[in-house]
Amino acid sequence: MAAARVTPIGVLLSGRGSNFLALQAAIERAELPARIAVVISNVADAPGLVRARELGLAARALPHGESASREAHDQRMLDALAEAGAEWVCLAGYMRLLSARFVAGYAPRILNIHPSLLPAFPGLHAQRQALAAGVRVAGCTVHLVDEGLDSGPIVVQRAVPVLDDDTEETLAARILVEEHRAYPEALRRLLVEPWAIEGRRLRFGA
Ligand code: GRF
C-alpha cells in the first residue's frame with residue numbers, strides 16, 4: 001500500500017504555543033499525515049517559537065514592527081511559508097488579523113482555533129465573554145479562516161460545561177484540554193477526507 005501523503009504545514013503563533021505542540025504531538029503519534037515545515041512568530045521571544053527551535057523545527061521570527069504595514073508584514077510571512085513549502089497554514093494563538101492578501105494567498109487552506117463555540121464570543125477574552133454572558137456550555141472551535149474576525153466555515157467544535165465557581169482561568173484550562181484534541185482532529189479530517197464548502201457550511205463526504 002502506498003504511504004499516505006505527508007502535507008507540509010506552516011504554523012503562525014504569537015505566544016505559548018500549546019496548540020502548536022498538540023499538532024506536533026499528534027504528528028509524532030502518527031495520527032496526522034503532516035509535518036511542520038516552519039513555525040513563524042511575530043513575537044521574537046514567544047515561548048512557542050523557542051520550543052519549535054528546541055524540537056529542531058524550522059523557526060522564523062518575523063516581528064511585525066519591522067514592516068511598514070500589515071500587508072508588508074503578511075507578504076514576508078507568505079514568502080517564508082512559500083520558501084518552506086507550506087501547503088496549509090495553522091494559526092495557533094496568532095494574535096493579529098490577517099490581511100486580505102494573506103488570506104487570498106492560502107484560502108481555504110488556513111485554519112484557526114478559537115476558545116469559544118463560535119459564532120458566540122469572537123475576538124479577545126472569549127472565556128471572559130462566556131462567563132459574563134452566563135452561558136452553561138462553552139468550548140472551542142476550529143474553523144477555516146476568511147477575512148473576518150473568527151469567522152469562516154466551522155470544522156470541529158468541542159464543548160465543556162461552565163461550572164458555578166469557574167474563573168476565567170479555570171474555564172480557559174478546561175477549554176484548552178479540548179483545544180488540544182480538536183485542532184489535530186480538524187486538520188486530520190481536512191487532510192484525509194473529502195470536503196466541500198456550501199455557503200458558511202463545511203460538509204465532509206464525497
Ligand atoms: C488558545 O486559547 C487559542 O484558542 C487562542 O489563543 C490561545 C493560544 O494558546 N486562539 P496557545 O499559544 O496555543 O497555548
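Which residue places a polar side-chain atom 2.6 Å from an oxygen atom of the ligand? The tour of this predicted model starts with that contact.

**Stop 1: the ligand and its surroundings**

Select E179 together with the ligand: the residue in question is E179, whose side chain supplies the polar atom at 2.6 Å from a ligand oxygen. On its own the ligand has 360 Å² of accessible area, and the protein covers 86% of this. Next, extend the selection to the residues that surround the ligand, namely R16, G17, S18, N19, G93, I113, H114, P115 and E179. Two of the contacts here involve the protein backbone. At G17, a backbone N or O atom is found 2.7 Å from an oxygen atom of the ligand. At I113, a polar backbone atom lies 2.9 Å from a nitrogen atom of the ligand.

**Stop 2: helix α6**

Now select residues 168-192, which form helix α6. How far apart are the end C-alpha atoms of this helix? They are separated by 35 Å, in agreement with the 36 Å expected because 25 residues are counted at 1.5 Å a residue. Centre the view on E178, where α6 bends by about 25°. Then colour the buried residues of α6: L171, I175, L176, E178, E179, A182, Y183, P184, A186, L187 and L190. The list includes E178, the site of the bend, and E179, which was met at the ligand. When viewing such a pattern, recall that an α-helix has 3.6 residues a turn, so residues three or four places apart point the same way.

**Stop 3: S41 in strand β2**

Select residues 34-41, strand β2, and within them S41. Is S41 buried or exposed? Its relative accessibility is 1%, so S41 counts as buried, the limit being under 20%. Leaving aside residues up to four places away in sequence, S41 touches L13, S14, A46, L49, R60, A61, L62 and P63. Show V43 as well: its backbone nitrogen lies 3.0 Å from a polar side-chain atom of S41.

**Stop 4: R53 in helix α2**

Finally, select residues 47-54, helix α2, and pick out R53. With a relative accessible area of 45%, R53 is partly exposed. Beyond residues up to four places away in sequence, R53 touches A59 and A61; A61 is also among the residues that S41 touches. To relate this stop to the ligand, display H114, one of the residues surrounding the ligand. The C-alpha atoms of R53 and H114 are 25 Å apart, and the two residues are 61 residues apart along the chain.

Terms used: Residues numbered from 1 in each chain as written. Predicted model: local features only at pLDDT ≥ 70, side-chain atom pairs only at ≥ 80, totals over all residues. Heavy atoms only, no water. Helix = DSSP H or I, 4+ residues; strand = E, 2+ residues; numbered from the N terminus. Expected span 1.5 Å × (residues − 1). Bend = angle between axes of the 7 residues up to and from the residue. Buried < 20%, exposed > 50% of the residue type's maximum accessible area, 1.4 Å probe, protein only. Near = heavy atom within 4 Å. Polar contact = N/O pair within 3.5 Å; in protein donor to acceptor, adjacent residues only side chain to side chain. Areas by Shrake-Rupley, 256 points an atom, 1.4 Å probe, with all protein chains shown as cover. Contact = heavy atoms within 4.5 Å.
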